[in-house]
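Trainee: Please take me through one part of this model in close detail. I would like to see how the helices pack around the core.

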Amino acid sequence: MTTEASDEQLELRAEAASTVTSTEESRAFFQARLSMFGFYVFVLAGGSWAALAVVYLAGPGSGPGVHRIDSIGSMLHLGNALLAGALWLATRRGRRRGELLHALDLGTSLGLVAIWGVTGLTLPDPTVGGFVSLLSFNLGVLARAIVVPSTSRRTLVIGALGATIIVALALLRGVPGQS
């Protein structure tokens with residue numbers, strides 16, 4: 001056995017450490033589903049941001065309850081769409097290594113959760129903000145669990161890390177009615 005052959009086998013073993021990327025077929029499926037997840041979140045978040053921007057530009061322009069396109073909440077909404085779009089662009093073509101796909105999955109998932117948590121901080125009512133963050137987190141993690149193939153342990157870890165982010169941001173803001 002040559003050194004090149006043993007290095008190649010070690011590389012394959014390292015990539016096969018995860019059941020989701022243990023074969024070329026499963027790695028390609030994982031990449032395709034990550035791409036699909038990124039695309040759908042990009043379309044939904046980007047489309048809803050664009051619709052709100054059109055309403056703002058065509059509507060009365062200011063006042064209570066108006067979704068200003070230059071507000072921090074709007075920028076977070078757009079950032080959510082762009083992060084998902086970046087995942088889609090990074091995974092839609094070409095072969096990506098299993099380790100990179102796992103890093104993109106973890107980074108994008110936690111990045112989206114952080115955006116959802118910070119979005120809740122921008123709302124004037126802390127209770128409403130907390131529920132908006134929690135609802136976004138629940139739907140996002142559920143959508144990821146449905147679309148992206150993953151071990152139950154990995155889904156649990158991503159969910160637990162995401163929940164920690166949401167709770168930490170809610171605690172940062174403080175409990176309503178208490179000083």
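Mentor: Start with the core. This is a predicted model. Its largest nonpolar core has 15 residues, and those touching the most other members are Phe30, Leu34, Phe37, Val113 and Val148. Helices α2, α3 (72–91), α4 and α5 (126–147) each give two or more residues to this core.

Now look at Phe30. Beyond its neighbours within four places in sequence, Phe30 is in contact with Val20, Thr21, Leu101, His102, Asp105, Val148 and Pro149.

Next, the helix pairs. Take α2 (residues 24–58) and α4 (residues 98–122). Their axes come within 10 Å and cross at roughly 25°. Angles under 35 degrees count as roughly parallel, so α2 is roughly parallel to α4. The crossing is left-handed. From α2, the contact uses Arg27, Phe30, Gln31, Leu34 and Phe37; from α4, Gly98, Leu101, His102, Asp105 and Leu112. Sorted by class, the α2 and α4 contact has five nonpolar, three polar and two charged residues.

Then turn to α3 and α4. The axes of α3 and α4 come within 9 Å and cross at roughly 170°. That angle makes α3 roughly antiparallel to α4. On the α3 side, the contact residues are Ile72, Gly73, Leu76, Gly79, Asn80, Leu83, Leu87, Ala90 and Thr91. They meet α4 residues including Leu101, Leu104, Thr108, Gly111, Leu112, Ile115 and Trp116. By class, the α3 and α4 contact has 11 nonpolar and eight polar residues, with no charged residues.

Technical notes
Residues numbered from 1 in each chain as written. Predicted model: local features only at pLDDT ≥ 70, side-chain atom pairs only at ≥ 80, totals over all residues. Heavy atoms only, no water. Axes fitted to C-alpha atoms, helices over the stretch in contact; angles between N-to-C directions. Helix = DSSP H or I, 4+ residues; strand = E, 2+ residues; numbered from the N terminus. Parallel < 35°, antiparallel > 145°, perpendicular 65-115°, else oblique. Left-handed = near helix turned anticlockwise from the far one by under 90°. Contact = heavy atoms within 4.5 Å. Nonpolar A, V, L, I, M, F, W, Y, C, P; charged D, E, K, R; others polar. Core = buried A, V, L, I, M, F, W, Y, C linked by side-chain atoms within 4.5 Å. Buried < 20%, exposed > 50% of the residue type's maximum accessible area, 1.4 Å probe, protein only.
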